[in-house]
Amino acid sequence: MTVHGDTRVDNYFWLRDRKNPDTIAYLEAENRYTREKMQHTQALQAALYAEMLGRIQQTDLSVPVKRDEYFYYTRTEEAKQYAIHCRKKGSPQTFQVAPEEVLIDCNLLSEGQNYFRLGRFIASPNHRLLAYSVDFEGNEMYTIRVKDLDTGELLADEIPNTSNALEWAHDNATFFYTVLDEALRPYKVFRHTLGVKEDSLVYHEPDERFTLDLSSTCSRAYIFININSSLTSEVRYLSKDQPDGDFRVLLPRVYQTEYDATHRGSSFFIRTNDGAKGFRVVEAPVADPAKANWKEIVPGREGITIASVTAFRDHLVTEERHRGLTQICVRDLRTGEQHSIEFPEPVYSAEVRANAEFNTKLLRYRYTSLVTPASVYDYNMESRERELKKQQPVLGGYDPRLYQSERIYAVAPDGIEVPISLVYKKGFVRDGRPPMLLYGYGSYGISIDPAFSSDRLSLLDRGF
């Protein structure tokens, strides 16, 4: 390949052809070589596999997500590869005894397939229809199907070549979805009406630097088309009550300006890097969200990045990063009072999770660390009390008190402190002799957050 006068030779380019018999023969030879060289570790491999599998609770249940009078959840069963998606109708007090309704059993959908992945999974506003998408090829091209949850029958509607984006309008008969171009870039948004064969094009993004995604506000009032490149973004919005309407531009795209939005009442809350390198949050009227009408709610601050914003009826929640660590900040929109949720460990990960209700005092978030298994909490934004809803079970008697985590920093050549999260079994001696597994990444503004892994215990217990 010659680009700008520079010629590069890739001696392994021929391996791109998966159907070439020489490619298959080469891979088989590599596998034989690996088996031969690793033969002496077979007993250790078997022991490690048994340890790791023995810590996993294969029959399990996710924390139900309340949406109107239904609780949606997934569960897994031992020896089955995929999740089963279910719901129950009732209240928290009657959940345990309420009859279960299986919406999608992915183990049945995957039968006879070499590959299976469930993409979008979203019930209609009246909870009578389920739109979902599946990929049977592994190429991230999904086919949308619609299931009647009253009868269990699939509707005739079937839409191939979609990405993992879909949102319902309030009429329970219209949804919007995105399709892919030849480079598998989501580049068009279509409107689909149940029973109608021809879908209408809603938006086409010709600029190959941009991709499209769809989202719905927590208030359930608007559908957003999120148009993003690495440096620039734009949002278009449509009322869910007007499925046949036209999407409007929230703010016109400006090169190197990024923003996204959430909604409450007569206002949009916009997270933007316009005037703040680490982002700020402004309030803008839905009637005219132009910059001249902005009111700053959360200012930009040196060393802090605002990663997301979510609006509830009475509260505004932001996820912020300070020196790499996530903080969840809650603001009472009635009084202006604000506070951050306190976390008990020196290094951890926390993120706002599925919050399907808008009129609520409860914020659901996920917490984990190198020592603490993944935990789901409901946090009362007024009383500041939290309730542990579920913690990832670790079979075999895991005791977190036997392990220690900490955070240190390495100074890069440019003087920037790079955070390093460490975990080890207590009693570890810092004499440079124990083995260490180190992983690092940094690009595209992505952080690798510290999280618990039951598999990692097999290393820590052996002195890593």
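# A walk through a strand-rich predicted model

The protein contains four helices and 32 strands, and the model that shows them is a predicted one. For a compact globule of 464 residues, a radius of gyration near 23 Å would be expected, and the 25 Å of the protein agrees with that. Taken along the principal axes, the C-alpha atoms fill a box of roughly 70 × 70 × 55 Å. Of the 464 residues, 42% are buried, while the surface that the protein exposes comes to about 26500 Å², with carbon and sulfur atoms supplying 50% of that area. Where contacts join residues at least 6 apart in sequence, 37% of them bring together residues that are at least 24 apart.

A good place to begin is the interior. In soluble globular proteins, nonpolar side chains tend to be buried together. The largest nonpolar core of this protein has 18 residues, and those with the most contacts inside it are Val 317, Ile 328, Phe 343, Leu 363 and Tyr 365. The elements that give two or more residues to this core are strand 25 (325-332), strand 27 (349-352), strand 28 (362-368) and strand 29 (375-380). Val 317 shows what such a position looks like in detail: leaving aside residues up to four places away in sequence, Val 317 touches Ser 308, Val 309, Thr 310, Phe 312, Ile 328, Cys 329, Val 330, Val 352, Leu 363 and Met 381. Two of these partners, Ile 328 and Leu 363, are themselves named among the core residues with the most contacts.

Elsewhere, Pro 64 sits in the loop between strand 3 (60-61) and strand 4 (65-67). Is Pro 64 buried or exposed? With a relative accessible area of 19%, Pro 64 falls under the 20% limit and is therefore buried. Not counting residues up to four places away in sequence, the contacts of Pro 64 are with Phe 71, Tyr 72, Tyr 73, Phe 95 and Arg 364. Pro 64 can also be placed relative to Cys 86, from which it is 22 residues away in sequence and 9.3 Å away in space, C-alpha to C-alpha.

Charged side chains add another layer to the picture. Side chains of opposite charge can pair when their charged atoms come close. The structure holds 40 salt bridges, and one of them joins the side chains of Glu 51 and Arg 462 at 2.7 Å, N to O. This pair links distant parts of the chain, since Glu 51 belongs to helix 2 (residues 42-54) and Arg 462 to the segment after helix 4 (457-460), with their positions 411 residues apart in sequence. Glu 51 has 27% relative accessibility and so counts as partly exposed, and Arg 462, at 41%, also counts as partly exposed.

A salt bridge between Glu 158 and Arg 145 has an N to O distance of 3.8 Å. Glu 158 lies in strand 11 (residues 154-168) and Arg 145 in strand 10 (residues 142-148), so this pair ties together parts that are 13 residues apart in sequence. Arg 145, at 18% relative accessibility, counts as buried. The side chains of Glu 234 and Arg 236 also meet in a salt bridge, at 2.9 Å, N to O, and both of these residues are buried. Salt bridges can also join into a network, as they do for Arg 313, Asp 314, Asp 332, Arg 334, Lys 361 and Glu 382.

The backbone deserves a look as well. Most residues other than glycine have a negative phi, and most peptide bonds are trans. Against that background, His 4 has a positive phi of about 55° although it is not a glycine, and Asn 172, likewise not a glycine, has a positive phi of about 65°. His 4 is placed in the loop between strand 1 (2-3) and strand 2 (6-7), and Asn 172 in the loop between strand 11 and strand 12 (174-180). His 4 is exposed, with a relative accessible area of 84%, whereas Asn 172, at 18% relative accessibility, counts as buried.

Finally, which residues form a nonpolar patch on the surface? They are Tyr 439, Tyr 441, Tyr 444, Ile 446 and Ile 448, which together have about 660 Å² of accessible area. Within this patch, Tyr 444 is found in the loop between strand 32 (417-425) and helix 4, and its relative accessible area of 75% makes Tyr 444 exposed.

Technical notes:
Residues numbered from 1 in each chain as written. Predicted model: local features only at pLDDT ≥ 70, side-chain atom pairs only at ≥ 80, totals over all residues. Heavy atoms only, no water. Salt bridge = Lys/Arg side-chain N within 4 Å of Asp/Glu carboxyl O. Buried < 20%, exposed > 50% of the residue type's maximum accessible area, 1.4 Å probe, protein only. Core = buried A, V, L, I, M, F, W, Y, C linked by side-chain atoms within 4.5 Å. Contact = heavy atoms within 4.5 Å. Rg over C-alpha atoms; globule rule 2.2 N^0.38 Å. Areas by Shrake-Rupley, 256 points an atom, 1.4 Å probe, with all protein chains shown as cover. Patch = residues over 30% accessible without salt bridge, like charges linked within 9 Å, V, L, I, M, F, W, Y side chains within 5 Å.
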